[in-house]
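Me: Could you help me read this structure step by step, with a reason for each answer?

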Amino acid sequence: MDQSKQPSKEAVREWLQAQVEGRRPPPDPQQIRRELGWEMCRQERGEDPYRLAD
């Protein structure tokens, strides 16, 4: 008889986690700025870090 090969539970969990993460909306712009350190650059230049650039 021909047996089909199933992926391991770990492989299924990894795949499912990647699918779930791929569906999340991107973080808000303020969070991106914090993570990239853009606020620190603006503070060094004496600009208001929370005011959006025009």
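**Surface and confidence**

Reply: Gladly; as this is a predicted model, let us begin with its surface. The chain exposes about 5,500 Å², and of this area carbon and sulfur atoms supply 53%.

Me: How many helices and strands are there in the chain, and what pattern does the chain follow?

Reply: The chain holds three helices, while the number of strands is zero. Read along the sequence, these elements therefore give the pattern α-α-α.

Me: In which helix is confidence lowest, and in which is it highest?

Reply: The mean pLDDT of the chain is 78, and 72% of its residues reach 70 or more. Where pLDDT is low, the predicted coordinates should not be read in detail. Confidence is lowest in helix α3, residues 38-44, at a mean of 70, and highest, at 91, in residues 9-22, which form helix α1.

Me: Is Val20 buried, partly exposed or exposed?

Reply: Val20 lies in helix α1, and together with Trp15 and Leu16 it makes a nonpolar surface patch of about 300 Å². Its relative accessible area is 35%. Because buried means under 20% and exposed means over 50%, Val20 counts as partly exposed.

Definitions and conventions. Residues numbered from 1 in each chain as written. Predicted model: local features only at pLDDT ≥ 70, side-chain atom pairs only at ≥ 80, totals over all residues. Heavy atoms only, no water. pLDDT = per-residue confidence, 0-100. Helix = DSSP H or I, 4+ residues; strand = E, 2+ residues; numbered from the N terminus. Areas by Shrake-Rupley, 256 points an atom, 1.4 Å probe, with all protein chains shown as cover. Patch = residues over 30% accessible without salt bridge, like charges linked within 9 Å, V, L, I, M, F, W, Y side chains within 5 Å. Salt bridge = Lys/Arg side-chain N within 4 Å of Asp/Glu carboxyl O. Buried < 20%, exposed > 50% of the residue type's maximum accessible area, 1.4 Å probe, protein only.
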